[in-house]
Structures are given as C-alpha cells and as structure tokens.
Amino acid sequence: MASERDLLKEAREAYQACVEAIVTFEERANLALVQVPVLCLAGEFDRQAPAAMMERMAAKIPGAKYQMLPGLGH
C-alpha cells in the first residue's frame with residue numbers, strides 16, 4: 001500500500017506534468033479541423049483562460065458556441 005508521502009510525491013509529479021502540458025501545448029492551427037460540437041465557456045474574471053481568448057478560439061472552430069459566465073473566474 002502506498003504511503004501518504006508516496007501519494008503526495010505522485011500528485012506533485014502529476015501536477016508538474018499537467019502544467020508542462022498546458023504551457024507547451026500548441027494546437028491553434030488545428031482548431032479549424034475540429035469536427036465535434038464545441039462549447040467554449042469562460043468566466044468573466046478568468047485569468048488563466050480569459051473570456052476574450054476563449055471567444056477567439058470559438059470563432060476558429062466550425063460551429064462552436066461561446067458563452068461567458070458573468071461574475072466567475074477560472
């Protein structure tokens with residue numbers, strides 16, 4: 001059975017891997033190729049994925065819808 005220390009180490013490593021994936025992921029050129037229904041949601045005060053950025057993303061995905069949620073952050 002994993003110890004609490006082992007679980008914390010795994011959680012930290014998983015978090016670091018997620019941050020790296022977010023920072024290095026670059027697929028904007030492929031947005032026009034998306035062929036599934038998409039709803040781009042953004043909180044009005046989201047600083048990680050700002051509403052304006054999500055609106056631009058929705059505009060590049062065929063048939064995508066965009067909705068800003070007032071008063072919310074990320």
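**Notes on the fold: core, helix α2, pocket and a few loose ends**

1. Let's start with Val 34: setting aside neighbours within four places in sequence, Val 34 is in contact with Ile 61 and Pro 62, contact meaning heavy atoms within 4.5 Å. Val 34 sits in the loop between α1 and β1. With 25% relative accessibility, Val 34 counts as partly exposed; on this scale buried is under 20% relative accessible area, exposed is over 50%, and partly exposed lies in between (1.4 Å probe, protein chains only). Helices (H or I, at least four residues) and strands (E, at least two) are DSSP runs, numbered from the N terminus.

2. A word on what you're looking at: this is a predicted model, where local features need pLDDT of at least 70 and side-chain atom pairs count only at pLDDT 80 or more, while totals for chains, interfaces and linings use all residues. Residues are numbered from 1 along each chain as its sequence is written, and side-chain values use heavy atoms, with hydrogens and water left out.

3. Pro 62 belongs to the loop between α2 and β2. Its contacts, again without neighbours within four places in sequence, are Leu 31, Ala 32 and Val 34. Pro 62 is partly exposed, at 48% relative accessibility. From Pro 62 to Ala 51, 11 residues apart along the chain, the C-alpha atoms are separated by 18 Å.

4. Now the core. Eight residues make up the largest nonpolar core: Leu 31, Cys 40, Ala 42, Ala 49, Ala 51, Met 54, Ala 58 and Ile 61. Such a core is a set of buried Ala, Val, Leu, Ile, Met, Phe, Trp, Tyr and Cys residues joined through side-chain atoms within 4.5 Å. At least two of its residues come from each of β1 (39-43) and α2 (51-60), and α2 gives the largest share, three residues.

5. Which residues of α2 are buried? They are Ala 51, Met 54 and Ala 58. These cover an arc of only 65° around the axis, so they lie on the same side of α2; the arc is that of the directions from the helix axis to the C-beta atoms. The face of α2 turned away from the buried side carries exposed Arg 56 and Ala 59. Covering the buried residues of α2 are, among others, β1 and β2 (65-69). Ala 51 itself is in contact with Ala 42, Gly 43, Tyr 66 and Met 68, leaving aside neighbours within four places in sequence.

6. On to the largest pocket, where Phe 25, Arg 28, Met 53, Met 54 and Met 57 are the closest to the centre among 14 lining residues. The largest share of that lining, five residues, comes from α2. Met 54 is worth a second look, with a place in the nonpolar core and in this lining too.

7. Last, the tail end. Leu 72 is in the segment after β2 and touches Gly 43, Glu 44, Phe 45 and Asp 46, not counting residues up to four places away in sequence. At 43% relative accessibility, Leu 72 is partly exposed. The C-alpha atoms of Leu 72 and Val 34 are separated by 27 Å, with their positions 38 residues apart along the chain.

Technical notes. On a 1 Å grid over the protein atoms alone, a cavity is a set of points where a 1.4 Å probe fits but cannot get out, and a pocket is an open set with protein on both sides within 12 Å along at least five of seven lines; lining residues have an atom within 4 Å of a point.
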